[in-house]
Amino acid sequence: MTQQAERTRRIPLSRDRVLTAAVVLADEVGIEALSMRRLAQELGFVPMALYKHVANKEELLDGMVDTLVSEIDPPARDAGWKDAVRLRVLSARRALLRHPWARQVLESRTNKTPAVLGYMDSFIGMFLAGGFSVDLTHHVMHALGSRMWGFTQELFPDSAVGTAEGTADLPPGAQAAMFREMAERYPNILKVATSSAHEDSVVGQGCDDQFEFEFALDLLLEGFERLHRQHWTSMPKKTSTPTKP
């Protein structure tokens with residue numbers, strides 16, 4: 001054992017140390033390669049030592065989500081509800097992008113830890129503090145869905161319709177043939193998917209995920225604001241029953 005590993009081993013284990021190490025390891029090797037045994041090896045302990053702090057792999061994953069939540073900025077003070085929500089969503093997205101495993105783990109969680117519940121509660125609180133009714137806030141949260149965590153399902157993942165990476169390695173003739181087939185079979189998909197190119201796109205001519213995420217978020221926020229101003233409610237309006245003469 002190296003001197004560095006020996007020094008690391010002398011540091012007592014704690015739940016925070018286990019979770020921090022798990023996040024770092026998952027960032028490096030991916031969530032599929034993360035195991036209690038491998039994590040214990042990284043920390044310089046036997047696997048049984050970890051179970052004093054996390055009962056099993058599922059509890060470890062819950063704790064990793066809690067660590068992710070702690071990286072999200074708190075609601076901005078002295079900001080209107082729209083700015084506060086937007087800033088918090090984008091902070092969640094930055095945290096998510098720092099950890100490639102985060103989305104998969106978030107989608108797999110069925111247990112809502114106190115940290116997760118606290119995040120949801122404070123998120124709802126931004127709308128209520130902005131004067132939203134409980135009824136409208138309920139529907140707003142459904143509309144936001146996973147955007148609250150900084151992600152949403154992409155319409156065209158990996159530029160799947162033949163732009164950039166999809167045909168880059170094909171000879172020109174094969175590329176042309178693929179485009180012709182797409183144009184004949186799925187003309188509308190091809191037209192939309194190849195309609196725009198963003199200079200800062202991470203997939204060349206394809207969609208800029210960050211741009212599209214913020215575009216949809218701003219549309220939702222504008223819609224929420226309009227409904228709030230209109231005092232919208234999902235409750236049916238009461239109609240007066242005509243009285244009998």
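**Exercise 1.** In this predicted model, determine whether Asp135 counts as buried or exposed, and identify what its side chain meets.

*Solution.* Step 1: The relative accessibility of Asp135 is 17%. Buried means under 20%, so Asp135 counts as buried.
Step 2: Asp135 belongs to helix H9, which comprises residues 134-144.
Step 3: Leaving aside residues up to four places away in sequence, Asp135 touches Trp232, Thr233, Ser234 and Met235.
Step 4: Two of these neighbours can be described further. The side chain of Thr233 forms a polar contact of 3.1 Å with that of Asp135, and a polar atom of the Asp135 side chain lies 2.6 Å from the backbone nitrogen of Ser234.

**Exercise 2.** Compare the expected span of helix H12 (residues 209-229) with the distance between its end C-alpha atoms, and describe its surroundings.

*Solution.* Step 1: H12 has 21 residues. The expected span is 1.5 Å times one less than this number, so it should be 30 Å.
Step 2: The end C-alpha atoms of H12 are 30 Å apart, in agreement with the expectation.
Step 3: The buried residues of H12 include Phe213, Leu217, Glu225 and His228; among the elements covering the buried residues are helices H6, H8 and H9.
Step 4: At the start of H12, a side-chain oxygen of Asp208 comes within 3.1 Å of the backbone nitrogen of Gln210. Just after the helix, His231 adopts a positive phi of about 55°.

**Exercise 3.** Classify the relative orientation of helices H2 and H5.

*Solution.* Step 1: H2 (residues 15-29) and H5 (residues 57-70) pack at about 85°, their axes being 9 Å apart.
Step 2: Angles of 65 to 115 degrees count as roughly perpendicular; therefore H2 and H5 are roughly perpendicular to each other.
Step 3: Among the residues making the contact are Val18 and Ala22 of H2 and Leu60 and Met64 of H5. By class, the contact has seven nonpolar, two polar and two charged residues.

Note on methods:
Residues are numbered from 1 along each chain as its sequence is written. This is a predicted model: local features need pLDDT of at least 70, side-chain atom pairs count only at pLDDT 80 or more; totals for chains, interfaces and linings use all residues. Side-chain values use heavy atoms; hydrogens and water are left out. Axes are lines fitted to C-alpha atoms, for helices over the stretch in contact, and angles run from 0 to 180 degrees between N-to-C directions. Helices (H or I, at least four residues) and strands (E, at least two) are DSSP runs, numbered from the N terminus. Angles under 35 degrees count as roughly parallel, over 145 as roughly antiparallel, 65 to 115 as roughly perpendicular and the rest as oblique. Contact means heavy atoms within 4.5 Å. Ala, Val, Leu, Ile, Met, Phe, Trp, Tyr, Cys and Pro count as nonpolar, Asp, Glu, Lys and Arg as charged, and the others, Gly among them, as polar. Buried means under 20% relative accessible area, exposed over 50%, partly exposed in between (1.4 Å probe, protein chains only). A polar contact is a pair of N or O atoms within 3.5 Å; within protein, one must be able to donate a hydrogen and the other to accept it, and residues adjacent in sequence count only if both atoms are side-chain atoms.
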